[in-house]
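Please open the model in your viewer and keep a selection tool at hand, since the stops below are meant to be followed in order. At each one there is something to select and a short account of what is there.

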Amino acid sequence: MRRPPSRNCRGAPESLALLKVEPTAADCHPHGMDADAREYLAIQRFYGQRRARRSGVLYLQHIDEGLWVLRALGATEQAQRAYCLHPLVQEDDERTAAWTQALAMNADLSLPPVDGVSEDPRILALALDYRETANAALSHRPDLKTPEDIALSKEPEVNDMLRADKVQNYKDFIRYHRGRHPRSAELEHYFQLWLARLDVTPGQVTRWHAALDRLT
């Protein structure tokens, strides 16, 4: 079943918002979450000026563009903040275990191991849920054949985070890797499975990619 037309933070249908509003760099920070948000500052510190090896694109651009998509989706502020944190736990088993334990013990989030990257335990929980859901369906999984092979999160906010991630990553794949990466065909299939499972339509992909291209 398809979701109803998504809405942006102002309540307008996302398609109208994207057509009427020329995206700018400032649009990457949705209403209610500015560049001073502690989660955004945390990912800025984590990434610094590091760039992707193949494309040369700043890793932080993935966050900025993903936040733009979340805004177009009308995602909650907590989803936007959690999206900023997901790279901190995506491939870090030790940090994941430490954050999970801190949440279970109702620990002071201003102290290690969380170190104040967020003061909201739900935001940390969403980032951890994102890791679990995304990592369960990576591109090298041999039995990933159909959209139904992907298990989504029970949290709508996590699924919005996944939509933002896959839309942004697919844009970079098309621009820098399609037809050139040794696993190009496999990765194309992977993105199509995820986008279908997340109910992201080809029309949305086209509109959002065009809008993101105007950001850079």
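Begin by selecting Arg50 and Phe46 in this predicted model: the charged end of Arg50 sits over the ring of Phe46, 5.1 Å from its centre. For another arrangement of this kind, select Lys166 and Trp194, where Lys166 lies over the face of Trp194 at 4.8 Å from the ring centre.

Now turn to the aromatic pairs, of which a search of the whole structure finds 6. Show Tyr47 and Tyr59, whose ring centres are 5.3 Å apart and whose planes meet at 25 degrees; the angle is under 30 degrees, so the pair counts as stacked. Colouring by helix is useful here, because Tyr47 belongs to α2 (residues 38-47) and Tyr59 to α3 (residues 59-73), so that the pair ties together parts 12 residues apart in sequence. Tyr47 has a relative accessibility of 11% and counts as buried, whereas Tyr59, at 31%, counts as partly exposed.

The next pair to select is Tyr170 with Phe173, which is also stacked, with ring centres 6.2 Å apart and planes at 15 degrees. Both residues lie in helix α7, 3 residues apart, or about one turn of the helix, and both are buried. Add Tyr190 and Phe191 to the selection, and you have the four members of one aromatic cluster, Tyr170, Phe173, Tyr190 and Phe191.

Tyr190 and Phe191 lead on to helix α8, where they are among the buried residues, together with Ser184, Leu187, Glu188, Leu193, Trp194 and Leu195. If you display the surroundings of these buried residues, what covers them includes α6 (121-135), α7 (156-177) and α9 (202-213). A distance between the end C-alpha atoms of α8 (residues 184-197) gives 20 Å, which agrees with the 20 Å expected for its 14 residues at 1.5 Å a residue. Following α8 along the chain brings you to Asp199, whose phi is positive, near 60 degrees.

Return to α7 and select Met161, which is found in that helix. Is Met161 buried or exposed? Its relative accessible area is 0%, so Met161 is buried. Leaving aside neighbours within four places in sequence, the residues in contact with Met161 are Leu70, Ala79, Ala82, Tyr83, Leu126, Ala127 and Tyr130. For Tyr83, which is 78 residues away along the chain, the C-alpha atoms of the two residues are separated by 6.0 Å.

Next, select α3, which is mostly covered, with 13 of its 15 residues buried. The same check of length can be made here: at 1.5 Å a residue α3 should span 21 Å, and its end C-alpha atoms are 22 Å apart, which agrees. Just after α3, Gly74 takes a positive phi of about 75 degrees.

Finally, display the largest pocket, in which about 1300 Å³ of space lies. Among the 35 residues that line this pocket, the closest to its centre are Ala52, Tyr59, His62, Glu91 and Asn169. The elements that give two or more residues to the lining are α2, α3, α4 (77-90), α6, α7 and α8. Which element gives the largest share of the lining of the largest pocket? That share, 8 residues, comes from α7.

Notes. Residues numbered from 1 in each chain as written. Predicted model: local features only at pLDDT ≥ 70, side-chain atom pairs only at ≥ 80, totals over all residues. Heavy atoms only, no water. Helix = DSSP H or I, 4+ residues; strand = E, 2+ residues; numbered from the N terminus. Expected span 1.5 Å × (residues − 1). Buried < 20%, exposed > 50% of the residue type's maximum accessible area, 1.4 Å probe, protein only. Contact = heavy atoms within 4.5 Å. Phe/Tyr/Trp six-rings, centres within 6.5 Å; stacked < 30°, edge-to-face > 60°. Lys NZ or Arg CZ within 6 Å of the ring centre and 35° of its normal. 1 Å grid on protein atoms, 1.4 Å probe; cavity = no way out; pocket = protein on both sides within 12 Å on 5 of 7 lines; lining within 4 Å. Points joined across faces, edges and corners; volume = space filled by probe spheres on them.
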